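Trainee: I've got this one loaded in the viewer and I'd like to talk through its pockets and its ligand. Can we take it a piece at a time?

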Amino acid sequence: MSSLRILVTGCKGRMGQAVIRAVEADSSSEVGAMIDMGDSLEDALAKSDVVIDFTSHHFSSVLVEACLKLRKPLVMGTTGHTNEERETIRAASAKLPIVLAANFSVGVNTLFWLTRKAVNILGPDFDLEVIEMHHNKKMDSPSGTARRLVEILCEETKVSYENDTRHGRHGDVGARTKKEIGVHALRGGDVVGDHTVVFAGQGERVELTHKASSRDTFATGAVRAARWLFDKKPGLYDMQDVLGLK
Ligand code: NAD
């Protein structure tokens with residue numbers, strides 16, 4: 001196959017720049033086009049086979065509609081979507097192949113897998129908390145990866161993300177309930193992304209931690225996802241599908 005032409009959206013951003021470096025280092029793909037705020041999306045789409053997006057969730061609905069119109073598969077790395085925006089992406093995936101992943105690193109996807117295993121082995125006597133830390137420019141909270149970790153814990157323990165998640169604690173909050181899953185977001189410096197899942201029992205505690213020290217790991221994973229996605233049927237995939245972990 002000839003070189004895969006990738007449209008990089010958010011090309012001036014931290015992740016956009018890392019994706020451009022990753023595409024340039026990959027012999028089977030090339031940058032077909034790149035856009036940032038104010039550039040024409042349709043012209044750029046016409047020059048590309050697949051899109052890698054790391055921008056803002058405010059842009060996601062517009063991007064999904066344009067990709068649907070021009071039939072361009074979409075690798076969506078942007079996080080912080082509202083429920084409505086997530087639903088728009090899900091609906092579009094009936095007609096368009098989409099990879100939506102809160103985190104493209106192989107290490108974090110291993111953490112997802114280990115978290116699912118650990119919560120089942122340790123059982124209901126362990127309290128569950130997720131802690132994340134990111135750089136001081138991050139716009140959304142909790143991080144998409146922390147949200148995904150909590151979703152995995154909710155799925156396995158049969159509790160509700162909407163009702164049983166506790167975002168930070170402040171003041172006279174009372175004792176921790178059995179069902180609640182705490183989520184805590186730290187911000188500072190240039191931290192690329194740290195995530196810890198805490199399983200706290202009586203007399204012992206297990207902590208699973210991943211620390212990213214470079215954005216290149218996310219960018220390389222996103223390019224790998226783009227190559228994988230190009231000839232797939234419409235559907236909503238994640239990085240576990242790309243890595244064959246399902
Ligand atoms: P950033 O602020 O450095 O870059 C975002 C870029 O997108 C900016 O250049 C901005 O101008 C551009 N942009 C915003 N709205 C746009 C629009 N409407 N049209 C075109 N361009 C637009 O942010 P970042 O650190 O690169 O992160 C971007 C997103 O990726 C965030 O949602 C972040 O949480 C997410 N992220 C995901 C992963 C992952 O593995 N899934 C990893 C890191 C970051």
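Trainee: Which element gives the most to the lining of the largest pocket?

Mentor: Keep in mind that this is a predicted model. Helix H1 (14-24), helix H3 (57-70), helix H6 (144-157), strand S9 (193-200) and strand S10 (205-212) each put at least two residues into that lining. The top contributor gives three residues, and that is H3.

Trainee: What is the volume of the largest pocket, and which residues are closest to its centre?

Mentor: The volume comes out at about 1100 Å³. There are 39 lining residues, and the ones closest to the centre are Arg14, Met15, Phe54, Thr55 and Ser56.

Trainee: How many residues of that lining are polar?

Mentor: Split the lining of the largest pocket by class and you get 13 nonpolar residues and seven charged ones. The polar group in that lining has 19.

Trainee: Where does the ligand sit?

Mentor: Start with its neighbours: 20 residues surround the ligand, and Arg14, Met15, Asp36, Thr79 and Lys138 come nearest. Arg14 and Met15 also turn up among the residues closest to the centre of the largest pocket. The ligand does indeed sit in the largest pocket.

Trainee: Which residue has a side-chain N or O atom 2.7 Å from an oxygen atom of the ligand?

Mentor: Set the backbone contacts aside before you pick. Gly13 has a backbone N or O atom 3.2 Å from a ligand oxygen, and a polar backbone atom of Met37 is 3.2 Å from a ligand nitrogen. The side-chain contact at 2.7 Å belongs to Thr79.

Trainee: How much of the ligand's area does the protein bury?

Mentor: Taken alone, the ligand exposes 870 Å². The shell around the ligand holds eight nonpolar, seven polar and five charged residues. Of the area the ligand exposes alone, the protein buries 80%.

Trainee: What about the second largest pocket: how many charged residues are in its lining?

Mentor: That pocket has a volume of about 790 Å³, and 36 residues line it, with Arg86, Leu100, Ala102, Arg148 and Glu151 nearest its centre. Helix H4 (83-92), helix H5 (106-122), H6, strand S11 (235-237) and helix H9 (239-242) each give two or more residues to the lining. By class, the lining has 11 nonpolar and 13 polar residues, and the charged count is 12.

Trainee: Which residues are joined by a cis peptide bond?

Mentor: Most peptide bonds are trans, so a cis one deserves a look. Check the loop between strand S6 (127-134) and H6, where Pro142 lies. With omega at about -5°, the cis bond joins Ser141 and Pro142.

Trainee: And what is the phi of Arg71?

Mentor: Arg71 lies in the loop between H3 and strand S4 (74-76). Most residues other than glycine have a negative phi. Arg71 has a positive one, near 55°.

Conventions: Residues numbered from 1 in each chain as written. Predicted model: local features only at pLDDT ≥ 70, side-chain atom pairs only at ≥ 80, totals over all residues. Heavy atoms only, no water. 1 Å grid on protein atoms, 1.4 Å probe; cavity = no way out; pocket = protein on both sides within 12 Å on 5 of 7 lines; lining within 4 Å. Points joined across faces, edges and corners; volume = space filled by probe spheres on them. Helix = DSSP H or I, 4+ residues; strand = E, 2+ residues; numbered from the N terminus. Nonpolar A, V, L, I, M, F, W, Y, C, P; charged D, E, K, R; others polar. Near = heavy atom within 4 Å. Polar contact = N/O pair within 3.5 Å; in protein donor to acceptor, adjacent residues only side chain to side chain. Areas by Shrake-Rupley, 256 points an atom, 1.4 Å probe, with all protein chains shown as cover. Sits in = over half its atoms within 2 Å of the grid points.
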